[in-house]
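Hi,

Here is the structure I said I would pass on. Have a look at it first, and then read my notes underneath.

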Amino acid sequence: MSVKVSHITKLYGEQKALDQVSFEVGAGQVVGFLGPNGAGKSTMMKIICCYIPQSEGLVTVNGFDTVEQSMEVRRLVGYLPEHNPLYLDMYVKEYLSFIAGLHLKNAEIPKRVSEMVEMTGLQLEQKKKIGALSKGYRQRVGLAQAMIHNPKVLILDEPTSGLDPNQLVDIRNLIKSLGKEKTVILSTHIMQEVEAICDRVIIINRGRIVADEKTSVIQQRTKSENVLEVEFDTAVDPTLIKTVKGVSRAESLGANKYRLYCPAGTDPRGDLFEFAVRNKIKVLELQKSESTLEEVFQSLTGGKK
């Protein structure tokens, strides 16, 4: 199962929301689709789900064209929109049964609804009206409806919006487990969430893809220098630390702790230990600092100069 997006352009009048966007996502991948507000994320997701057509280009889901074979695509895709539309006057279990009835045979509905209630943690809420639920539990209902027909592809637009920290852990684990066998594309503004869930990151800005890499790789893309943080058992003059090969700058953080800056591609940790031995200093702690995904995102989308 795969989603193939080829040279997609979307026009709203004279405004170009998407400009020649291309990517492919296969089964067993959880991909974070990121970008600032207005970048084109939701538009791209709606096109994949057959909610709106593209102006140019081709999108296929498992080989089915989203324009010419939209019914086949809809059977394969589960979609949670950014603004989760629910029938607030319906009870949770009633609503999920209604949605299941659009996809499944009558005999299959009770079992599948029960599975979704348990999977999304709605056991205590299933007999309540949706309008009486908190935002977090409404989001769980939205996730349940997106998965009710066991789709091969999940398109999740801000899936953890409104969840508390405990709920976040549960839903993140659920999405990761689903990603082992399904194609999952999700958007979020929470960078820590992407780092926790996603195998790969696609960043879009002003309708164009500016990055498409594994999560671990993309963190290194804009990094101009490595940063080390070290703690010694005694105070050391930062100018002395600068004599270590590969250390371009050193600054004191107090309490015998120091931040060391090193040119990209260098790793002075071995030389640093030799320096400590020569000067009869003990290294109590040494760690390498990584660029955060948030810093990379800001750099690629113009949020950080």
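Below is what turned up, going from the pocket to the surface, the backbone and the salt bridges. One thing to keep in mind from the start: this is a predicted model.

**The pocket**

Let's begin with the largest pocket, which has a volume of about 690 Å³. Its lining is made up of 24 residues. If you want to find its centre, look for Y51, Y79, P81, P85 and Q145, the lining residues that lie nearest to it. Four elements each give two or more residues to this lining: helix 1 (41-48), strand 6 (77-80), helix 3 (92-101) and helix 5 (135-147). As for character, the lining has 13 nonpolar residues, seven polar ones and four charged ones.

**Helix 1 and helix 3**

Helix 1 is worth a second look, as it is mostly covered, with seven of its eight residues buried. The buried ones are K41, S42, T43, M44, M45, I47 and I48. After helix 1 comes C50, which has a positive phi, near 70°.

Over in helix 3 you will find V92. V92 counts as buried because its relative accessible area is 0%, and the limit for buried is under 20%. Between the C-alpha atoms of V92 and P159 there are 18 Å, and the two are 67 residues apart along the chain.

**A nonpolar patch outside**

Now for the surface. Y87, F98 and L102 make up a nonpolar patch there, and together they have about 340 Å² of accessible area. L102 sits in the loop between helix 3 and helix 4 (109-119). With a relative accessible area of 59%, L102 is exposed.

**Backbone oddities**

Most residues other than glycine have a negative phi, and that is the reason I picked out the next two. N150 has a positive phi, near 55°, and is not a glycine. You can find N150 in the loop between helix 5 and strand 7 (153-157), where it is partly exposed at 41% relative accessible area. R206 is not a glycine either, and its phi is positive at about 55°. R206 belongs to the loop between strand 9 (200-205) and strand 10 (208-214). R206 counts as exposed because its relative accessibility is 73%, and exposed begins over 50%.

**Salt bridges**

How many salt bridges does the structure hold? There are nine, and here are a few to click on.

- R200 pairs with D212, with 2.8 Å between the closest N and O atoms. This pair links distant parts of the chain, as R200 is in strand 9 and D212 in strand 10, 12 residues apart. R200 is buried at 11% relative accessible area, whereas D212 is partly exposed at 31%.
- R259 pairs with E251, and their closest N and O atoms are 3.1 Å apart. Both partners are partly exposed, R259 with a relative accessible area of 24% and E251 at 30%.
- D19 and K16 meet through their side chains, at 3.9 Å from N to O. D19 is buried at 13% relative accessibility, while K16 is partly exposed at 43%.

That last pair has company: K16, D19 and R208 are linked in a network of salt bridges.

Happy browsing!

Notes. Residues numbered from 1 in each chain as written. Predicted model: local features only at pLDDT ≥ 70, side-chain atom pairs only at ≥ 80, totals over all residues. Heavy atoms only, no water. 1 Å grid on protein atoms, 1.4 Å probe; cavity = no way out; pocket = protein on both sides within 12 Å on 5 of 7 lines; lining within 4 Å. Points joined across faces, edges and corners; volume = space filled by probe spheres on them. Nonpolar A, V, L, I, M, F, W, Y, C, P; charged D, E, K, R; others polar. Patch = residues over 30% accessible without salt bridge, like charges linked within 9 Å, V, L, I, M, F, W, Y side chains within 5 Å. Areas by Shrake-Rupley, 256 points an atom, 1.4 Å probe, with all protein chains shown as cover. Salt bridge = Lys/Arg side-chain N within 4 Å of Asp/Glu carboxyl O. Buried < 20%, exposed > 50% of the residue type's maximum accessible area, 1.4 Å probe, protein only.
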